[in-house]
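Here are a few exercises to work through with the model open beside you. Try each task on your own before reading its solution.

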Amino acid sequence: MKKLAVIFPGVGYTCTKPLLYYTASVARDAGYRVLQLDYGDDIHTFKGRKEAELIPVIELAKTRVLENQLKNIDWSHYEKIVFISKSIGTVIACDVEKYLGLKVKQFLITPIPATMPYLGKVNGLFFSGTADPYISSKKVAKAVKRYPKKVGGIFEGCNHSLEHPGHTVENLKNVKAVVKTIKKEL
């Protein structure tokens, strides 16, 4: 069976960071070809984090991956496709699935508010921290209540990297929990 995992990073959270590095690794272990996207240094070093500031950045990143990194893929060649995404990558992954008319399994790690309208439509799971400065705990709680079968993990007191500063061992356990959950779904 031909399988493809596409990794959609965040702004400063590239594919070399723990959540994406290890989820890509577990996908490889499960026999997936892994494609790690890169939006360009200007996007990966972008400092703005307000929703209005991110909209043009998301659009630029989406255009770049569609025109450069995804345009020559024969999607029909793959029997199973998963998108693993982080932060702004969660919006981009959902947009790309819709734009290309694909049916993929989505793993949305720390989605931002712009991702929330997609939750009812996607097949997959989301992971969030309750102390994420980029999405309110109320929005996360609402998503948990509305889509309980799409909850991959909610991490109490954790930030946008699913970390609780000063608690390294617990943070590693969070990465492990995300990886184990995704592994079961691959």
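**Exercise 1: A lysine in a strand**

Lys-105 lies in strand E4, which covers residues 105-109. Keep in mind that this is a predicted model.

Task: Work out whether Lys-105 is buried or exposed, and find which side chain Lys-105 joins in a polar contact.

Solution:
- Start with the surface. Lys-105 has a relative accessible area of 18%. The cut-off for buried is under 20%, so Lys-105 counts as buried.
- Next, look for a polar partner. The side chains of Lys-105 and Glu-185 are joined by a polar contact of 2.7 Å.
- Then list the surroundings. Setting aside residues up to four places away in sequence, Lys-105 touches Ile-81, Val-82, Phe-83, Asn-123, Gly-124 and Glu-185.
- Finally, check the pairing: Lys-105 in E4 is the bridge partner of Val-82.

**Exercise 2: Tracing the sheet**

Task: Put the six strands of the open sheet in order and say which strands stand at the edges.

Solution:
- Walk across the sheet: the order is E2-E1-E3-E4-E5-E6, and the pairing is parallel.
- Now the edges. Strands E2 (33-36) and E6 (151-155) each have a single partner strand, so one side of each is left without a neighbour in the sheet.
- On average, neighbouring strands of this sheet are turned by 10° against each other, direction ignored.
- Zoom in on one pair: E3 (residues 80-86) and E4 are linked by five bridges in the parallel sense.
- Add a helix. H4 (residues 88-100) lies across E1 (3-8), E3 and E4, and runs at about 150° to E3.

**Exercise 3: Finding the cores**

Task: Identify which residues touch the most other members of the largest nonpolar core.

Solution:
- This core has 28 residues, and the best-connected are Phe-8, Leu-70, Trp-75, Phe-83, Ile-88 and Ile-92.
- Ask where the members come from: E1, H3 (51-69), E3 and H4 each supply at least two, with H3 giving the largest share, six residues.
- Try Trp-75 as a test case. Beyond its neighbours within four places in sequence, Trp-75 is in contact with Leu-4, Val-6, Leu-70, Ile-81, Phe-83, Leu-100 and Leu-102.
- Don't stop there: another core of 25 residues lies apart from the largest one, and includes Ala-5, Leu-19, Ile-84 and Phe-155.

**Exercise 4: Checking the cysteines**

Task: Count how many disulfides the structure holds.

Solution:
- The count is zero.
- Take Cys-15: the nearest cysteine sulfur belongs to Cys-94 and is 16 Å away.
- As for burial, Cys-15 counts as buried at 10% relative accessibility, and Cys-158 is buried too, at 3%.

Terms used:
Residues are numbered from 1 along each chain as its sequence is written. This is a predicted model: local features need pLDDT of at least 70, side-chain atom pairs count only at pLDDT 80 or more; totals for chains, interfaces and linings use all residues. Side-chain values use heavy atoms; hydrogens and water are left out. Helices (H or I, at least four residues) and strands (E, at least two) are DSSP runs, numbered from the N terminus. Buried means under 20% relative accessible area, exposed over 50%, partly exposed in between (1.4 Å probe, protein chains only). A polar contact is a pair of N or O atoms within 3.5 Å; within protein, one must be able to donate a hydrogen and the other to accept it, and residues adjacent in sequence count only if both atoms are side-chain atoms. Contact means heavy atoms within 4.5 Å. Two strands pair if DSSP finds at least two bridges between them. Axes are lines fitted to C-alpha atoms, for helices over the stretch in contact, and angles run from 0 to 180 degrees between N-to-C directions. A nonpolar core is a set of buried Ala, Val, Leu, Ile, Met, Phe, Trp, Tyr and Cys residues joined through side-chain atoms within 4.5 Å. A disulfide is a pair of cysteine sulfur atoms within 2.5 Å.
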